[in-house]
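Please find below a colleague's note on the structure under review. The points are numbered so that each can be checked against the model.

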Amino acid sequence: MQISQYLINEHRECDNLFAKAEAAAAKGDFALTKEEFLKFADETLLHFKKEEEEFFPKFEEITGSSDGPTMVMKYEHDQVRGLFGKMAQAIENENKDTFLSLAESLMILLQQHNMKEEQMLYAMADRVLSPDAKEELIQKMQETKL
Amino acid sequence: MFNNSGLSMEQAPPIKVVLRFFLTGSVFGIIAGIMLFFSNDINNIYSAQTLIITHTLTLGVMASFMFGALFQMLPVLAGVHIKAPVKLSIRINYALIFGTLFLLLAFYNGAVINYIFAMALLGFALFATSYIMVRQLLKIKHSASSKGMLLSLLTLSLVAIFGIIMLLERLGIPIWLNYLHLKEIHFSFGVFGWIAMLIISVSFQVIEMFYVTPPYPKIYAKYMPLALFLLLLLNILSAFFAPKLMHFIQTAAVLAVAVHAVLTLMRLKQKKRAVTDATILFWALAMVSYLIFTATCIANLFITVPPLLTASFFALFALGTVFAMVYKIVPFLVWFHLNAQGYFDAPMMHEIASAKYARINLYLFSSLLILVIFTSFSKFFCQLVSIILIISFFMLFYMMYRGWHKYLYVLKNGKKFEFNMPNL
Ligand SMILES: [Fe+2]
Ligand SMILES: [Fe+2]
């Protein structure tokens with residue numbers, strides 16, 4: 001399997017979970033929002049962990065630098081994590097407008113982040129890594145737990 | 001290795017780079033509305049008034065918004081490096097503003113000096129932007145979107161070249177081409193090459209991303225910008241060798257973009273996000289306007305359709321896209337830049353543009369789809385359209401102005417937290 005295939009699938013899965021959480025919030029059902037939001041946040045944080053612990057180190061090995069693109073990507077992960085905190089708070093306060101507004105910002109942030117990963121980092125890893133190295137990396141990512 | 005491959009991870013330019021162009025664009029929108037209100041000769045496509053209003057819209061409004069969007073999108077989404085964006089944007093912004101004003105004056109009074117200033121300033125604004133962005137775009141690995149942007153910037157310089165040749169002709173310098181054909185080429189490159197192609201490229205990038213829709217068909221996205229570009233080149237060739245074919249080629253270009261409008265509407269309909277905000281509807285309105293524009297072009301093959309009607313629907317297509325983008329991008333950028341600098345109380349998107357505010361602007365704008373139908377027949381409707389246009393652009397301007405003020409306020413008074421984000 002290609003690295004991009006594996007990780008892009010996760011991006012799409014997160015998008016789907018996000019859409020469900022947002023739909024619940026739009027209806028004003030906060031119990032459901034909480035449930036769906038936690039699923040989305042867990043899935044996203046697990047994906048970040050896979051990238052930060054397995055994919056980025058491998059990528060840094062390829063490019064020989066750890067203060068380039070991966071640093072920007074990690075910084076953006078932190079921005080997303082920060083938003084998760086605020087969104088969880090908005091759910092606790094049952095504040096629909098705030099939640100939806102944060103959700104909007106999160107979506108744009110996350111989408112442009114994913115786009116950069118897909119078009120640049122994943123694509124490059126696919127080009128450079130050997131099939132065996134790819135299998136090994138995917139194996140490790142599959143074993144990663146939150 | 002990463003650098004050698006020409007990829008970079010540029011971050012967003014300062015917010016003022018983008019806002020400068022967007023604010024300029026909305027002021028020109030208001031000016032266009034005021035001129036439309038007092039116009040009395042815009043049914044005649046050869047009148048000075050028509051020329052003045054179209055160039056206010058294409059240069060003052062569209063070029064401003066499109067340059068702003070490119071300054072933002074190229075680094076962030078395509079990984080294109082633009083050196084010293086603040087300085088560059090100021091120069092281009094002023095050259096575009098004054099170049100446009102001189103051109104409008106030149107159309108108004110025909111003074112040679114105005115033509116000369118217009119050519120120099122607009123020449124600089126359009127060629128410099130096109131050259132700098134194209135040069136950087138050539139270095140990256142392309143997506144369908146960035147390829148389209150590259151082609152539309154190339155077309156922009158062709159639009160400018162043909163425009164300048166026509167201005168020279170107006171100054172009495174003889175040219176080798178039939179003036180009317182030249183005008184057709186200038187027009188088709190501007191409308192389908194620069195404006196429509198850029199809108200297509202931008203939508204490749206943002207429709208899927210903002211609304212979580214299925215992507216555009218891969219093959220379509222890959223070849224569409226190039227196909228459109230080749231059609232336009234063919235149009236030039238036919239101007240020289242087979243002028244009768246120009247009409248068919250232009251109709252083909254109209255239809256090609258109509259395919260895009262249909263595909264975009266289909267994608268919007270399949271969006272996964274449950275919330276339908278004003279910006280989605282602005283996109284949809286823009287695409288519907290384009291399809292009506294297409295219908296008027298087709299009808300025009302058999303009967304005479306008032307040119308004002310056709311032009312109005314194209315304008316609504318272009319302007320609808322502008323509103324769709326600006327209502328999304330500006331509130332996001334205000335939040336994003338403050339949040340990225342660690343301000344904890346960065347205003348959220350709905351505090352810059354509330355859902356209600358954007359909706360009101362949307363309803364106003366959508367009334368234009370009906371009202372423009374009557375503008376060719378009635379002065380009253382023409383004035384009504386101009387008033388709605390003025391209010392719409394004022395609302396857009398005010399939203400950005402307030403966003404900018406909130407931005408400055410938080411910069412000055414906001415609490416800054418160390419960038420150590422709490423975990424869930
Ligand atoms: Fe990531
Ligand atoms: Fe990712």
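The points below take up the metal sites, the empty spaces, one helix and a few single residues of this predicted model.

1. **Iron ion (ligand 1).** Four protein donors surround the iron ion (ligand 1): E51(A) through OE, H77(A) through NE2, H113(A) through NE2 and E117(A) through OE. Their distances from the metal run from 1.9 to 2.2 Å. Along the chain, these donors follow the spacing E-x25-H-x35-H-x3-E. The arrangement is irregular because the four donor atoms subtend angles of 83 to 175° around the ion. A tetrahedral assignment would require all angles to lie between 85 and 135 degrees.

2. **Iron ion (ligand 2).** For the iron ion (ligand 2), the protein donors are H11(A) (NE2), H47(A) (NE2), E51(A) (OE), E117(A) (OE) and Y122(A) (OH). They lie 1.9 to 2.4 Å from the ion. In sequence, the spacing of these donor residues reads H-x35-H-x3-E-x65-E-x4-Y.

3. **The bridge between the two ions.** E51(A) coordinates both the iron ion (ligand 1) and the iron ion (ligand 2), and the two ions are 3.1 Å apart. E51(A) belongs to helix α2 (residues 30-63) of chain A and E117(A) to helix α4 of chain A, so the pair ties together parts that are 66 residues apart in sequence. E117(A) is listed among the donors of the iron ion (ligand 1) and among those of the iron ion (ligand 2). E51(A) has a relative accessible area of 0% and is therefore buried. E117(A), at 0% relative accessibility, likewise counts as buried.

4. **K49(A).** This lysine is also placed in helix α2 of chain A. Is K49(A) buried or exposed? Its relative accessibility is 24%, so K49(A) counts as partly exposed. The C-alpha atoms of K49(A) and H77(A) are separated by 9.6 Å, and the two residues are 28 residues apart along the chain. H77(A) is one of the donors of the iron ion (ligand 1).

5. **The second largest pocket.** Its volume is about 1,100 Å³. Of the 36 residues that line this pocket, E118(A), Q119(A), S143(B), E208(B) and K218(B) lie nearest its centre. The lining draws on both chains: α1 (3-27) and α4 (96-128) of chain A, and α2 (48-78), α5 (144-170), α6 (179-211) and α7 (218-241) of chain B, each supply at least two residues. Which element gives the largest share? It is α4(A), with seven residues. By residue class, the lining of the second largest pocket divides into 17 nonpolar, ten polar and nine charged.

6. **The cavities.** Rolling a probe the size of a water molecule over the atoms shows where empty space is left. Over the whole structure, the search finds four cavities of 30 Å³ or more. The largest cavity has a volume of about 170 Å³. It is lined by 15 residues, of which F65(B), M66(B), A69(B), V202(B) and M325(B) are the closest to its centre. Helices α2, α6 and α10 (307-340) of chain B each supply at least two residues of this lining, and the largest share, six residues, comes from α2(B). The lining of the largest cavity comprises 14 nonpolar residues, one polar and no charged.

7. **Helix α1 of chain B.** How does the span of this helix agree with its number of residues, and what is the expected value? At 1.5 Å a residue, the 24 residues of helix α1 (residues 15-38) of chain B should span 34 Å, and the end C-alpha atoms are 35 Å apart, which agrees. The helix is mostly covered, since 17 of the 24 residues of α1(B) are buried.

8. **Positive phi angles outside glycine.** Two residues deserve a check of the backbone. E94(A) is not a glycine, yet its phi is positive, at about 50°. E94(A) sits in the loop between α3 (69-92) and α4 of chain A, and its relative accessibility of 54% means that it counts as exposed. A84(B), also a residue other than glycine, has a positive phi near 40°. A84(B) is found in the loop between α2 and α3 (85-109) of chain B. With 45% relative accessibility, A84(B) counts as partly exposed.

Conventions
Residues numbered from 1 in each chain as written. Chains lettered and ligands numbered in written order. Predicted model: local features only at pLDDT ≥ 70, side-chain atom pairs only at ≥ 80, totals over all residues. Heavy atoms only, no water. 1 Å grid on protein atoms, 1.4 Å probe; cavity = no way out; pocket = protein on both sides within 12 Å on 5 of 7 lines; lining within 4 Å. Points joined across faces, edges and corners; volume = space filled by probe spheres on them. Helix = DSSP H or I, 4+ residues; strand = E, 2+ residues; numbered from the N terminus. Nonpolar A, V, L, I, M, F, W, Y, C, P; charged D, E, K, R; others polar. Donors = N, O, S within 2.8 Å, 3.2 Å for Na, K, Ca; no water. Tetrahedral: all angles 85-135°; square planar, octahedral: opposite > 155°, others 65-115°. Buried < 20%, exposed > 50% of the residue type's maximum accessible area, 1.4 Å probe, protein only. Expected span 1.5 Å × (residues − 1).
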